Amino acid sequence: MRDKIKVGIIICDRYHTCAGGKCLRAFHNREGAFSIYKEDQELELVGYTTCDGCPGGNIEYAPQEMVKNGAQVIHLATGMIVGYPPCPYLTYFRDFIQEKYGIKVVIGTHPIPQKYFLTHTKLGTWKSPEWEEILRPTLCDERTR
Ligand code: SF4
């Protein structure tokens, strides 16, 4: 039997009308941050919601619901990385969810779109060792972006 991993996704509320196209495509194709899973691991999406707007009130509660549905990993969507500005609470959210709910949190979902990559590179937004670490799963190569 294939190993099954249950995943929840929390997106930035600035993109609350997003239908999840890029995240779900990456989820099914194992791209971006979903490339961390092995081919023989089955992925199941057990929750998808927004942070509920700054400063992210839903981060306190949504993971609980996802955990009740069996979530073992929560992905904080790539929109939190690429927004203008990136979410200022990103690493706090990661640390809080991990500490409070004892589950793994991965920053990112789909590959960073090239247009955001170019603008943030010009702005110097991601010029730090901490950002390099955050971007690793979703930066991908130019063709994928
Ligand atoms: S910037 Fe952060 S806190 Fe604000 S809406 Fe986006 S994810 Fe939520």
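# Exercises on a predicted model

Gln 98 is partly exposed, with 14 other C-beta atoms within 10 Å (20 or more would make a residue buried, 12 or fewer exposed, with C-beta atoms placed from the backbone). The model is predicted, so local features need pLDDT of at least 70 and side-chain atom pairs count only at pLDDT 80 or more, while totals for chains, interfaces and linings use all residues. Residues are numbered from 1 along each chain as its sequence is written.

**Exercise 1.** Place Gln 98 in its helix, and find which residues Gln 98 touches, not counting those up to four places away in sequence.

*Solution.* Begin with the element: Gln 98 belongs to helix H4, which spans residues 90–101 (helices are DSSP runs of H or I with at least four residues, strands runs of E with at least two, numbered from the N terminus). Next, list the contacts: once residues up to four places away in sequence are set aside, Gln 98 touches Ile 103, Lys 104 and Val 105 (contact means C-beta atoms, placed from the backbone, within 7 Å). Then consider Ile 74, which is 24 residues from Gln 98 in sequence and 9.2 Å away in space, C-alpha to C-alpha. Finally, widen the view to the helix itself, for H4 lies across E3 and E4 and runs at about 165 degrees to E4 (axes are lines fitted to C-alpha atoms, for helices over the stretch in contact, with angles from 0 to 180 degrees between N-to-C directions).

**Exercise 2.** In what order do the 4 strands of the open sheet stand, and why is one side of E2 and of E4 left without a neighbour?

*Solution.* The order is E2-E1-E3-E4, with parallel pairing (two strands pair if DSSP finds at least two bridges between them). E2 and strand E4 (104–107) stand at the edges and each has a single partner strand, so one side of each lacks a neighbour in the sheet. From one strand to the next the twist averages 25 degrees. To check the pairs, take E1 (residues 3–11) and E2 (residues 41–50), which are parallel and joined by 9 bridges, with Lys 4 opposite Glu 42 in E2. Then take E1 and E3 (residues 73–76), which pair in the parallel sense over 4 bridges, with Val 7 opposite Val 73 in E3.

**Exercise 3.** Locate the cis peptide bond before Pro 55 and the one before Pro 85, and then the positive phi angles of Arg 30 and Asp 52.

*Solution.* Cys 54 and Pro 55 are joined by a cis peptide bond with omega of about 5 degrees, and Pro 55 sits in the loop between E2 and helix H2 (62–68). Tyr 84 and Pro 85 are likewise joined by a cis bond, with omega of about 0 degrees, and Pro 85 falls in the loop between helix H3 (79–82) and H4. Turning to phi, Arg 30 is not a glycine and yet has a positive value of about 60 degrees; its place is the loop between H1 and E2, and with 15 C-beta neighbours inside 10 Å Arg 30 counts as partly exposed. Asp 52, also not a glycine, has a positive phi of about 80 degrees; it lies in the loop between E2 and H2 and is partly exposed, with 16 other C-beta atoms within 10 Å.

Conventions:
Contact = placed C-beta atoms within 7 Å.
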